[in-house]
Amino acid sequence: MMSNQDDHNPPVVIELAGVEKSFGRQKVLRGVNLQVREGRTLVIVGASGQGKSVIIKHMLGLVRPDQGEVKVFGRDINRLNRKQKDEVRENFGVLFQNAALFDSLNVYDNVALPLRERTRLNEDEVREGVMAKLGLMGLQEAINKFPAQLSGGMRKRVGLARALMLQPKIVFFDEPTTGLDAHKSNELYRLFYRTQQQLGYTAVIVSHDVPKIFKLADEVALLAEGQIQGCMSPEDFQLSEQPTIRAFVEETMGHLYSSDREENGLYAQV
Amino acid sequence: MYLLLEKIGSGTLEFLETSGRMGMFLMRALTSMFQMPFKVNPVVRQVHFIGARSAFVILFTGLFTGMVLGLQGYYTLRKFGSEGFLGSAVALSLIRELGPVLTALMVIGRAGSAICAEVGIMRNSEQIDALECMAVDPFRFLIAPKLLAGIIAMPLLTAIFDVIGILGGYLVGTGLFGINPGAYFQGMYTSVVWADVEMGLVKSLVFGLLMVWIAACKGFYLHMERSGGFGAEGVSRTTTDAVVLSSVSVLVWDYLISALLL
Ligand SMILES: Nc1ncnc2c1ncn2[C@@H]1O[C@H](COP(=O)(O)OP(=O)(O)OP(=O)(O)O)[C@@H](O)[C@H]1O
Ligand SMILES: [Mg+2]
């Protein structure tokens, strides 16, 4: 599995093979094949409700596929016992789409939780680590607030600080910049880039922020109709001739370039 | 006919599934209680929440239960001309039965419902998933402190209930009916033996465990509820279920323990 290691093709760390998943009568994933290589950033795009978050949950081992396999570090995550699963997850840093902050803990304690539960650092060291991460995210002012008192974008940033707390080897960000203003999201992208350079983590990012997110991506995968329509470099993706990908690119990026015209059209109708 | 069979079948399956899940839940919660390193702080916080914050309610109900026992006990005992036994009657019924049961029912209403709602909301908003993804065992982090705190707090609250109740009976007996204070306590000394206290203790330990077990388990598996555990309504319905189920279980186990230890 992790054998074909050379400079151009780092080993595969996460692999979905033929993953199918239904919720009740709704078939969400219809045979998803996807590989994530070590140290690379994979961006999953696709329309809302297509199952991007469900794919992430499969990778995390939170959802069991009806068919197919999910391998993390070469091991089928659904066949691991609890201890082995924890060993795998110790390498994860996860940002959920809704941030999933602990709502009875304030910002500081939320971010400190991984340190307190997973390391034996004393409170001073915890404080140092937490304040550093909160500083990166521009959240020093908010440390005593509770999640319910934060704005959507702040919640996302707290979630990110928590996800990056323990130097993860693989990060999963479900819509990291949704709800952030352009300035904040640009800053965040720079931050991702820097930390990725430093830590060399593997990243799986779900985002609607096309095309900005492409700058961060090594590979882009489009999910539509329950399948990965293609997984390729951002350059190839934008030039792809494949109908579904082309449609997606035109829909999202074409819109950007022709927004003036369209807006005029809209106003003209009103 | 066919429909009926189907209903019975699915009902049985659901029952088995739920029981299995609850059993596994208890096993995991109990084993995670003994995992090292042991953290004291969360347990203290939970004891404070379950115990200290319930103390006032317990004082209040304990006092009135004792007083009403004094009242009714006096009325009954007088018929046999044995008012002197009021002390032992009050003490025995409190220590063996009413103390543990009423304390448990009160604490279930206050803390059991809160535990279920808290855990349920954490399940609903993916906080439990988040814990798992951080490789933090939710049983160890979330459930074990509550379970241990329930087992610690319930006997303590029961003891308070008993003592206050006995005092309440004393107040009514001596104040209202002019019973000799010495006789009230002397009757108690001679009739209450260690086995009675032991029975009360066993009961309150079991009730503490039952309460947290049922409440936390219901909340933890909120997403698997057949009736749909979604949103605020799902949490509230599950919480109600948990309160009813744990109250009923307390009464059933009260009978079982009494029958076993008698
Ligand atoms: N636990 C669940 N139970 C039932 N249906 C679910 C569940 N989780 C997801 N779904 C369904 O699966 C589909 C995909 O959901 P998912 O959250 O993965 O979409 P998404 O691609 O992440 O969308 P968005 O970009 O809006 O976040 C949706 O139709 C959703 O209703
Ligand atoms: Mg999503």
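Start by selecting the charged side chains of chain B: the 17 positive and 17 negative charges have mean positions 4 Å apart. Keep in mind as you go that this is a predicted model.

**Chain B as a whole**

Next, switch chain B to a cartoon. You will find nine helices and zero strands, so to speak a run of α-α-α-α-α-α-α-α-α when read from the N terminus. Turn the C-alpha trace onto its principal axes, and its span comes to about 65 × 55 × 30 Å.

Now colour chain B by accessibility. Of its 262 residues, 47% count as buried. Bring up the surface too: chain B exposes about 12,700 Å², and 73% of that is supplied by carbon and sulfur atoms. If you like contact maps, draw one for chain B and look away from the diagonal. Among contacts between residues at least 6 apart in sequence, 85% join residues at least 24 apart.

**Where chain B meets chain A**

Select the residues of each chain that touch the other one. How many residues does each chain bring to the contact? Chain B gives 17 residues, and chain A gives 22 residues. The size of an interface is often given as the accessible area lost when the parts come together. Between chain B and chain A, the area buried is about 1,800 Å², with 58% of it from carbon and sulfur atoms. To see where this is concentrated on the chain B side, pick B:E126, B:C133 and B:M134: these lose the most area to chain A, and together they make up 33% of what that side buries.

Stay with B:E126 and show its side chain as sticks. Which residue of chain A does the side chain of B:E126 meet in a salt bridge? The partner is A:K57, with an N to O distance of 2.7 Å. The count of salt bridges between chain B and chain A is two.

**A loop residue in chain A**

For the last stop, centre the view on A:F146. This residue lies in the loop between α4 (123-136) and α5 (152-163) of chain A. Is A:F146 buried, partly exposed or exposed? A:F146 counts as partly exposed because its relative accessibility is 35%, and the partly exposed class runs between the 20% and 50% cut-offs.

Show the surroundings of A:F146 next. Leaving out residues up to four places away in sequence, A:F146 touches A:D103, A:S104, A:L105 and A:N106. Finally, measure from A:F146 to A:L188 in your viewer: the two are 42 residues apart in sequence, and their C-alpha atoms are 22 Å apart in space.

Notes: Residues numbered from 1 in each chain as written. Chains lettered and ligands numbered in written order. Predicted model: local features only at pLDDT ≥ 70, side-chain atom pairs only at ≥ 80, totals over all residues. Heavy atoms only, no water. Helix = DSSP H or I, 4+ residues; strand = E, 2+ residues; numbered from the N terminus. Buried < 20%, exposed > 50% of the residue type's maximum accessible area, 1.4 Å probe, protein only. Contact = heavy atoms within 4.5 Å. Areas by Shrake-Rupley, 256 points an atom, 1.4 Å probe, with all protein chains shown as cover. Lys, Arg positive; Asp, Glu negative; His and termini not counted. Charge placed at Lys NZ, Arg CZ, Asp CG, Glu CD. Buried area = accessible area lost by both parts, 1.4 Å probe. Salt bridge = Lys/Arg side-chain N within 4 Å of Asp/Glu carboxyl O.
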